[in-house]
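Trainee: Could you pick one part of this model and take me through it closely? I'd like the wider setting too, so that I know how far to trust what I'm looking at.

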Amino acid sequence: MTKISILEQLKQADAEGYAIPHFNYSDIWDMTAIVRAAEEMHSPVMLAGVPKVTNALTMDTVAAMAHSLADNAKVPVYLHLDHSTDPQICKDACDHHFDTVMIDGSKESLERNIEMTADVVSYAHPRGIFVEGEIGKIKGNTEESQYANGDFLVQVPDAVKLVQSTGVDILAVGIGTAHGFYQGKPEINFQRLAEVNEALSIPLVLHGGTGIPAEDVRKAIKNGINKVNVGTIIKYTYLSSVFETLKRVGPTIHTIDLMLPAVEAIKEEVKRWIAVCMSDGKACLLYTSP
């Protein structure tokens with residue numbers, strides 16, 4: 001049996017009315033928790049690292065860890081480079097056989113965004129790798145986003161021009177979501193999402209999943225979202241578990257005994273999000289005869 005491509009799966013998710021869950025990792029421990037949760041829920045999953053992580057651990061190390069987990073997983077696991085603003089980092093990830101790479105030119109002019117995205121697409125496609133772009137702005141104050149003010153909503157003509165000019169495969173759209181924890185209830189512009197979905201035929205991505213109510217996530221999926229990104233709550237759960245264990249036991253604990261409770265805590269949060277995305281039980285759709 002052979003795993004079908006992530007692009008095919010995203011299209012299948014669109015047809016079936018669910019979304020592929022994407023989780024950001026920091027190291028081998030949360031990466032392991034994500035894969036174990038996906039196996040228990042029989043769900044496809046995307047392992048996503050931002051450049052801050054790939055730079056710190058090195059692309060070689062990240063790729064080796066993720067490919068090892070994916071190759072031995074009981075469900076399809078896809079490796080994704082998230083929120084790179086540097087085309088060269090995307091190309092490096094392509095050389096390390098990531099399944100998808102994201103080039104984020106959303107802070108640039110539309111013309112520069114198109115130029116950056118087309119550059120990465122021209123490198124990735126001959127190598128069988130898919131590219132995610134971004135249009136509009138994802139609010140927040142994290143390593144993934146430093147945007148707070150102004151007109152953040154995706155403009156439909158801009159989205160169409162970006163896709164038509166670059167051949168990008170997947171598109172993250174600014175519809176009011178934010179990276180990090182929300183102050184109050186997120187205000188998502190579902191009408192704008194529906195308009196973009198009507199204008200485009202490629203999979204759409206919801207960034208800033210942490211803190212969005214489950215009913216709003218599912219409404220976004222109904223209106224065209226095929227991939228949901230979750231990061232902040234994974235880091236928070238990880239560090240909270242480590243903090244509580246250290247507070248209770250102290251720093252004489254063995255590292256393994258410190259990390260295993262964190263893996264369990266992360267796993268439960270990931271399972272919750274898989275259920276929100278309605279991808280539980282969908283792993284069977286990901287395989288086809290070679």
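**A close look at the barrel**

Mentor: Sure, and let's start with trust: the protein has a mean pLDDT of 91, with 89% of its residues at 70 or more (pLDDT is the predictor's confidence in each residue, on a scale from 0 to 100). Over residues 139-150, though, pLDDT is below 50, and that stretch has 33 contacts in the model beyond near neighbours in sequence (a contact means heavy atoms within 4.5 Å). Residues 286-290 also stay under 50, and there the model has 19 contacts beyond four places in sequence. This is a predicted model, so local features need a pLDDT of at least 70 and side-chain atom pairs count only at 80 or more, while totals for chains, interfaces and linings use all residues. Residues are numbered from 1 along each chain as its sequence is written, and side-chain values use heavy atoms, leaving out hydrogens and water.

Now the overall picture. The protein has eleven helices and ten strands; these are DSSP runs numbered from the N terminus, with helices (H or I) of at least four residues and strands (E) of at least two. Of its 290 residues, 58% count as buried (buried is under 20% relative accessible area, exposed is over 50%, and partly exposed is in between, with a 1.4 Å probe and protein chains only). If you take contacts between residues at least 6 apart in sequence, 74% of them join residues at least 24 apart.

The part I'd zoom in on is the barrel. Eight strands close up in the order E2-E3-E4-E5-E6-E7-E8-E9, with parallel pairing (two strands pair if DSSP finds at least two bridges between them). From one strand to the next, the twist averages 25° (axes are lines fitted to C-alpha atoms, for helices over the stretch in contact, and angles run from 0 to 180 degrees between N-to-C directions).

Let's go round from E6. E6 and E7 run parallel and are joined by four bridges, and one pairing to look up is Ile 135 with Val 173 in E7. On the sheet here sits helix H7 (residues 156-166), which touches both E6 (130-135) and E7 and points at about 155° to the direction of E6.

E7 itself is a nice one to click through. In a regular strand, side chains alternate between the two faces of the sheet. Ile 170 and Ala 172 point one way from E7, Leu 171 and Val 173 point the other way, and all of them are buried. On its next side, E7 (residues 170-173) pairs with E8 (residues 204-206) in the parallel sense over two bridges. Ala 172 has Val 205 as its bridge partner in E8, and Leu 171 stands opposite Leu 204.

Leu 204 then takes you onward, since in E9 it stands opposite Ile 225. E8 and E9 run parallel too, joined by three bridges. E9 (residues 225-230) is mostly covered, with six of its six residues buried. From there you get back to E2 (residues 20-24), which pairs with E9 in the parallel sense over four bridges; Phe 23 stands opposite Val 230 there.

One more barrel strand deserves a stop: E4 (residues 77-84), which holds His 83. Most residues other than glycine have a negative phi. His 83 has a positive phi of about 50° although it isn't a glycine, and it counts as buried at 7% relative accessibility. Compare Thr 58, also not a glycine, with a positive phi of about 85°. Thr 58 sits in the loop between helix H3 (51-57) and helix H4 (59-72), and is partly exposed at 37%.

Helix H4 also gives you His 67, which is partly exposed at 23% relative accessibility. Leaving aside residues up to four places away in sequence, His 67 touches Leu 79, His 96 and His 97. Leu 79 is twelve residues from His 67 in sequence, and their C-alpha atoms are 7.7 Å apart. As for His 96, its backbone oxygen lies 3.0 Å from a polar atom of the His 67 side chain.

How values were computed
Polar contact = N/O pair within 3.5 Å; in protein donor to acceptor, adjacent residues only side chain to side chain.
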